[in-house]
Amino acid sequence: MKLIVAIIRPERLPETLHALFQAEVRGISVSRIQGHGGEVERVETYRGTTVKMELVEKIRLEIGVSEDFVDRTVQAIIQGARTHEVGDGKIFVMPLEGVHRIRTGEQNEQAVTPVLSEQH
Ligand SMILES: Nc1ncnc2c1ncn2[C@@H]1O[C@H](COP(=O)(O)OP(=O)(O)OP(=O)(O)O)[C@@H](O)[C@H]1O
Ligand SMILES: [Mg+2]
């Protein structure tokens, strides 16, 4: 299993969620964050120009998936979030040790895969 953490542009969230839904990825957490991706802001001072680390609004997605869903999840995020401009974001794929579904006590692969017939 892997935990896929993606940092994307807020304005690309609807497209990215749509692409993930089309890829049958279910189960996602979304947070508003601030980040820095190397872009700097130029600030005029009395001694000249300095640069300041710029923090910009981003969206963080967290998706726990079984191994067979890793590629399609990454591709869906790229498809939904890419604009080809700097600042499109990053995807981190991390090893995931364990998942427990609280309601049933199911673990790991049984717990990352939602049962579609149970969804409302
Ligand atoms: N190495 C990193 N570690 C943690 N978060 C990062 C890292 N790089 C980028 N981010 C997050 O992703 C956001 C967008 O980064 P950004 O798209 O600028 O990455 P990049 O590698 O500089 O790509 P680009 O060349 O397209 O700008 C940042 O604001 C930050 O939240
Ligand atoms: Mg950058």
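**Thr104.** I looked up Thr104 and found a polar contact of 2.7 Å between its side chain and that of Glu106. I note here that the model is predicted, so every value below is computed from it. Thr104 sits in the loop between β6 and α3. I read a relative accessible area of 39% for Thr104, which makes it partly exposed.

**Asn108.** I then went to Asn108, which is also placed in the loop between β6 and α3. Its phi is positive, about 50°, although Asn108 is not a glycine. I noted this because most residues other than glycine have a negative phi. The relative accessibility of Asn108 is 25%, and I entered it as partly exposed. The cut-off for buried is under 20%, so a residue at 25% does not count as buried.

**Glu24.** I checked a second positive phi, that of Glu24, which is near 65° in a residue other than glycine. Glu24 follows just after α1, in the loop between α1 and β2. At 49% relative accessibility I put Glu24 down as partly exposed. Exposed would need over 50%, so Glu24 at 49% stays in the partly exposed class.

**Helix α1.** Which residues of α1 are buried? I found Leu13, Thr16, Ala19 and Leu20 buried in this helix, which spans residues 13-22. Looking down the axis of α1, I see its buried residues within an arc of 125°, so they line one face of the helix. The general rule I had in mind is that an α-helix has 3.6 residues a turn, so residues three or four places apart point the same way. On the face of α1 turned away from the buried side I noted the exposed residues Pro14 and Gln22. What covers the buried residues of α1? I listed the cover as including β1 (2-8), β2 (29-35), β5 (56-65) and α2 (70-81).

**Strand β5.** I followed β5 to its pairings. β1 and β5 run antiparallel and are joined by seven bridges. β2 also pairs with β5 in the antiparallel sense, over seven bridges. Which residue of β5 is the bridge partner of Ile8? I found Ile59 there. Ile59 also has Arg32 standing opposite it.

**Val65.** I located Val65 in strand β5. Val65 is buried, with a relative accessible area of 5%. Leaving aside neighbours within four places in sequence, I found Val65 in contact with Met1, Lys2, Ile4, Val70, Thr73 and Val112. I also took the C-alpha to C-alpha distance from Val65 to Asn108, which is 9.3 Å for two residues 43 apart in sequence.

**Ligand 1.** Which residues surround ligand 1? I wrote down Ile7, Gly35, His36, Gly37, Glu39, Lys58, Val86, Gly87, Asp88, Gly89, Lys90 and Phe92. I then looked at polar distances to oxygen atoms of the ligand. A backbone N or O atom of Gly35 is 3.4 Å from an oxygen atom of ligand 1. For Glu39 I found a side-chain N or O atom 2.9 Å from an oxygen atom of ligand 1. Asp88 brings a backbone N or O atom to 3.3 Å from an oxygen atom of ligand 1. Taken alone, ligand 1 exposes 610 Å², and the protein buries 64% of that.

**Asp88.** I stayed with Asp88 and placed it in the loop between α2 and β6 (90-95). Is Asp88 buried or exposed? I found it buried, with a relative accessible area of 16%. Buried means under 20%, so Asp88 at 16% falls in that class. The side chain of Asp88 makes a polar contact of 2.6 Å with the side chain of Thr83. Apart from neighbours within four places in sequence, the contacts of Asp88 are with Ile7, Ile8, Arg9, Ala81, Arg82 and Thr83.

**Val115.** My last entry is Val115, in the segment after α3 (109-112). I read 39% relative accessibility for Val115, which counts as partly exposed. The C-alpha atoms of Val115 and Val51 are separated by 51 Å, with their positions 64 residues apart along the chain counted as the line of sequence runs.

Terms used
Residues are numbered from 1 along each chain as its sequence is written. Chains are lettered from A and ligands numbered from 1 in the order in which they are written. This is a predicted model: local features need pLDDT of at least 70, side-chain atom pairs count only at pLDDT 80 or more; totals for chains, interfaces and linings use all residues. Side-chain values use heavy atoms; hydrogens and water are left out. Buried means under 20% relative accessible area, exposed over 50%, partly exposed in between (1.4 Å probe, protein chains only). Helices (H or I, at least four residues) and strands (E, at least two) are DSSP runs, numbered from the N terminus. The arc is that of the directions from the helix axis to the C-beta atoms. Contact means heavy atoms within 4.5 Å. Two strands pair if DSSP finds at least two bridges between them. A residue is near a molecule or strand if one of its heavy atoms lies within 4 Å of it. A polar contact is a pair of N or O atoms within 3.5 Å; within protein, one must be able to donate a hydrogen and the other to accept it, and residues adjacent in sequence count only if both atoms are side-chain atoms. Accessible areas come from the Shrake-Rupley method with a 1.4 Å probe; for residues, only the protein chains shown count as cover.
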